[in-house]
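Me: I am new to this structure and would be grateful for a close look at a single part of it. Please describe that part step by step and place it in its surroundings.

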Amino acid sequence: MNGGGEGKEEEEEGGWFIYGFVARGTMVLAEYTEFTGNFPAIAERCLQKLPSSNNRFTYACDHHTFNFLVHDGYAYCVVAKESAQKHVSLAFLERLKADFRKRYGGGKADTAIAKSLNKEFGPVIKEHMQYIIEHAEEIEKLLKVKAQVSEVKSIMLDNIEKAVDRGEKLSNLEDKASDLRSQAQDFKKQGTKVRKKMWLQNMKIKLVVLSILLILVFIIWMSVCHGLDCTKQEN
């Protein structure tokens, strides 16, 4: 991609995500990027060749990945640096899809023209990029928990199926099901702890920003009033 040396420096500072869009079929309805380069053109060429079936697709080009999530006639895309892990890009796409469907599902997105949602949804794409980058560690933990739950469920179902084939007693099957429920509850508790930690981190950031703003207001007040009493006037 041709963005120049200065563009590359900005790209390194801007995080993993370079460009994102939402399209209906092959028509891009909203997009967002802060960088210059030919990645929008490459992404649109990939879009033209995407199968219409619901699925996830990833293409690699010039040290970047072009990640797509196709669902019910809409395509969600993010271009990321190759250093970004695939599950992080997919987490962004799932979050983007959920928000877009919540806002526009069955609404004006079905009839919107090309780029007509840029103004209102472009900034939303940016917000989701920032959120995923800032919470990548917590998201990775949640994905691991989900993967563990899925693995345990698969193993237990396989064991139960084998047990039925061997004619084991129903009481043994009930014990296996109880173990599965217990492990699922443990994983659910882990997920709740991670989400609570993310919420506490967000609150800490907000409190720090509020404290800084209050300090700035106080400093401005002191500089203007030369003290705490602004009502005193010189004769």
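Reply: A23 stands opposite V28 in strand 2. The model in which this pair appears is predicted. The pair belongs to the contact between strand 1, residues 17–24, and strand 2, which run antiparallel and are joined by 6 bridges. In the hairpin of these two strands, 2 residues lie between the strands, and G25 takes a positive phi near 65°.

Strand 1 has a second partner as well: strand 5 pairs with strand 1 in the antiparallel sense, over 7 bridges. The residue F21 illustrates both pairings. In strand 2, the bridge partner of F21 is E31, and in strand 5 the bridge partner of F21 is C77. In general terms, strands of a sheet pair through backbone hydrogen bonds, either parallel or antiparallel.

The wider setting is an open sheet of 5 strands, in the order 2-1-5-4-3, with antiparallel pairing. Strand 2 (27–33) and strand 3 (55–61) stand at the edges; each has a single partner strand, so one side of each is left without a neighbour in the sheet. On average, neighbouring strands of this sheet are turned by 15° against each other, direction ignored.

How much of strand 1 is buried? Of its 8 residues, 7 are buried, and strand 1 is thus mostly covered. Two helices lie across this part of the sheet. Helix 2, residues 39–49, lies across strand 1, strand 2, strand 3, strand 4 (64–71) and strand 5 (74–81), and runs at about 40° to strand 1. Helix 4, residues 118–134, lies across strand 1, strand 2 and strand 5, with an angle of about 50° to strand 2. Strand 1 is therefore among the strands that helix 2 lies across, and strand 1 is also among those that helix 4 lies across.

A part of the model outside the sheet may be set beside this mostly covered strand. Helix 6 comprises residues 170–225, and L216 has its place there. L216 counts as partly exposed, because its relative accessibility is 45%. L216 is one of the residues of a nonpolar patch on the surface, which also includes I205, V208, V209, I212, L213, I215, F218 and I219. Together, the residues of this patch have about 840 Å² of accessible area.

Terms used:
Residues are numbered from 1 along each chain as its sequence is written. This is a predicted model: local features need pLDDT of at least 70, side-chain atom pairs count only at pLDDT 80 or more; totals for chains, interfaces and linings use all residues. Side-chain values use heavy atoms; hydrogens and water are left out. Patches are made of residues with over 30% relative accessible area and no salt bridge: like charges are joined within 9 Å, nonpolar side chains (Val, Leu, Ile, Met, Phe, Trp, Tyr) within 5 Å. Accessible areas come from the Shrake-Rupley method with a 1.4 Å probe; for residues, only the protein chains shown count as cover. A salt bridge is a side-chain nitrogen of Lys or Arg within 4 Å of a carboxyl oxygen of Asp or Glu. Helices (H or I, at least four residues) and strands (E, at least two) are DSSP runs, numbered from the N terminus. Buried means under 20% relative accessible area, exposed over 50%, partly exposed in between (1.4 Å probe, protein chains only). Two strands pair if DSSP finds at least two bridges between them. Axes are lines fitted to C-alpha atoms, for helices over the stretch in contact, and angles run from 0 to 180 degrees between N-to-C directions. Contact means heavy atoms within 4.5 Å.
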